[in-house]
Each structure stands twice: as C-alpha cells, then as structure tokens.
Amino acid sequence: MAQNVPLQVTVNGESHSSEVQPRLLLVHYLRDDLGLTGTHVGCDTSNCGACTCHVDGESVKSCTVLAVQCDGAQITTIEGMTGADGAYHPLQQGFWDAHGLQCGYCTPGMIMAAADLLARHGDGPLTEADVRKGLEGNLCRCTGYENIVKAVLAAAEAGRGVPA
Ligand code: FES
Ligand code: FES
C-alpha cells in the first residue's frame, strides 16, 4: 500500500489536516473521514452527479477527484450551504417550496451544481433551458426534473448571487 501523504483542506469554513492514501477519492474523504454524508455516491463513475461539491468555488464530481488534488483548497459541501443561523440557502428553500425531490438522493448534488450554475450565469434572465443544460450532468431517477427546474428558477428569482 502506498504511503499516506499530508492533506490540508478547508471544508465549509473549517480547516482539516490529515494524512491520506494517495488513491483516496474526495467523495470518500468527505464522507468517511469527515463524516459529511450529505455528499452522496450514486455511481462512482462520474455519471450521476450525486457526489457534486464545490472546490475553490467550482462544482466538481467528487468521485472523479483525488483528495490529494485538493490540497490547500476551499471545499463546500451541501452541509455548508445552510447559513450560520440555520437559514436555508435560496436553493434549499426553492427545492423545499417547489417539492423538487422525491427520494432526495440526487438533491445535494443538484443543489451544488445549481449553485455553480447561478454563480456563473450572471445577472441576465435565467431560462428553463439554461437550468436544464446546467444540470445535464446530474441525474434524477424519481422526479422527471420538472420540479427541480422550478426550484432552481425560484431560487434564482429569490436570491441569485448568494454565495455558496
Ligand atoms: S457518484 Fe460521482 S458522478 Fe455518480
Ligand atoms: S429525487 Fe430520487 S433520485 Fe432525484
């Protein structure tokens, strides 16, 4: 087995220093080492997007990234989207209000991908087509996507530009 290597990351504003196996995937580091189980594993082959989180402000599928590639990075997971006062992020509120989920397995990844979409989209109007294109890397086997799209459009109305 390869030797452990040092890793320092800031996750949801908290600094973590560890020694990890070079082959450890970011998703397993988040879930198993840090206990942040809101980041889900749906496929482990970069297809479903359930494992999406943000690394240095950009959404990544954390099953495709080695933890050691994130050394020094700022990482945000779904657990970091809620405000310090417990207030939902506009996307979390949007999914709640529009009932943008059924089993909820895809929801954390959808929200993280949507947050990246909103941050990158800028101030122009966000269309249904923009949302569908922006979330095409995230699969949902329950909802048929209709209410997910509504949730993201509602969040864009309510709080576009709110940082993740
Ligand atoms: S678990 Fe990463 S894309 Fe499916
Ligand atoms: S709500 Fe079940 S997979 Fe999306």
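**View 1. A search of the whole structure finds one aromatic pair, shown here in close-up.** The two partners are Y88 and W96, and their arrangement is tilted. Their ring centres are 6.4 Å apart, and the planes make an angle of 50°. These two values are given because a pair of aromatic rings is described by the distance of the centres and the angle of the planes. How accessible are the two residues? Y88 counts as partly exposed, at 45% relative accessibility, whereas W96 is exposed, with a relative accessible area of 62%. Please keep in mind, here and in every view that follows, that this is a predicted model.

**View 2. The protein chain as a whole, to help you find your way.** Welcome to the full picture: the protein chain has five helices and five strands. Following the sequence from its start, you meet them in the pattern β-β-α-β-β-β-α-α-α-α. The radius of gyration is 16 Å, close to the 15 Å that the globule rule gives for 164 residues, so the protein chain is as compact as a globular protein of that length. Along the principal axes, the C-alpha trace spans about 50 × 30 × 25 Å. Of the 164 residues, 43% count as buried. Contacts also link distant parts of the sequence: among those between residues at least 6 apart, 57% join residues at least 24 apart.

**View 3. The surface and the charges of the protein chain.** The accessible surface comes to about 8,400 Å². Carbon and sulfur atoms account for 50% of that surface. How many charged side chains are there? The protein chain has 9 positive and 18 negative ones. The centres of these two sets lie 10 Å apart.

**View 4. Helix 2 and what covers it.** Helix 2 takes in residues 90–98. Which of its residues are buried? They are P90, L91, Q92, G94, F95 and A98. Their cover includes helix 3, made of residues 107–121, and helix 5, made of residues 146–159. As you leave helix 2, look for H99 just after it, where phi is positive at about 50°. H99 has this positive phi although it is not a glycine. Its place is in the loop between helix 2 and helix 3.

**View 5. I148, a buried residue of helix 5.** I148 is found in helix 5, and at 1% relative accessibility it counts as buried. Which residues does I148 touch, leaving aside those up to four places away in sequence? The list is F95, G100, C106, M110, L135, C140 and T143. F95 deserves a second look: I148 and F95 are 53 residues apart in sequence, and their C-alpha atoms are 6.7 Å apart in space. F95 also appeared in the previous view, among the buried residues of helix 2.

**View 6. H16 and its surroundings in strand 2.** Strand 2 runs over residues 14–20, and H16 is found in it. Is H16 buried or exposed? At 19% relative accessibility, H16 counts as buried, because the cut-off for buried is under 20%. Not counting residues up to four places away in sequence, H16 touches L7, Q8, V9, V11, Y29 and L34.

**View 7. D56, in a loop between two strands.** Where does D56 sit? It is found in the loop between strand 3 (52–55) and strand 4 (58–61). D56 has a positive phi of about 50° although it is not a glycine. You met that description before, at H99. D56 is exposed, with a relative accessible area of 54%.

**View 8. G122 and P125, in the loop between helix 3 and helix 4.** Helix 4 covers residues 128–134, and G122 is found in the loop between helix 3 and helix 4. P125 lies in that loop too. At 29% relative accessibility, G122 counts as partly exposed, while P125, at 70%, counts as exposed. Now follow two distances out of the loop. G122 and L26 are 96 residues apart along the chain, and 29 Å separates their C-alpha atoms. P125 and E157 are 32 residues apart along the chain, with their C-alpha atoms separated by 9.2 Å.

Note on methods:
Residues numbered from 1 in each chain as written. Chains lettered and ligands numbered in written order. Predicted model: local features only at pLDDT ≥ 70, side-chain atom pairs only at ≥ 80, totals over all residues. Heavy atoms only, no water. Helix = DSSP H or I, 4+ residues; strand = E, 2+ residues; numbered from the N terminus. Rg over C-alpha atoms; globule rule 2.2 N^0.38 Å. Buried < 20%, exposed > 50% of the residue type's maximum accessible area, 1.4 Å probe, protein only. Contact = heavy atoms within 4.5 Å. Areas by Shrake-Rupley, 256 points an atom, 1.4 Å probe, with all protein chains shown as cover. Lys, Arg positive; Asp, Glu negative; His and termini not counted. Charge placed at Lys NZ, Arg CZ, Asp CG, Glu CD. Phe/Tyr/Trp six-rings, centres within 6.5 Å; stacked < 30°, edge-to-face > 60°.
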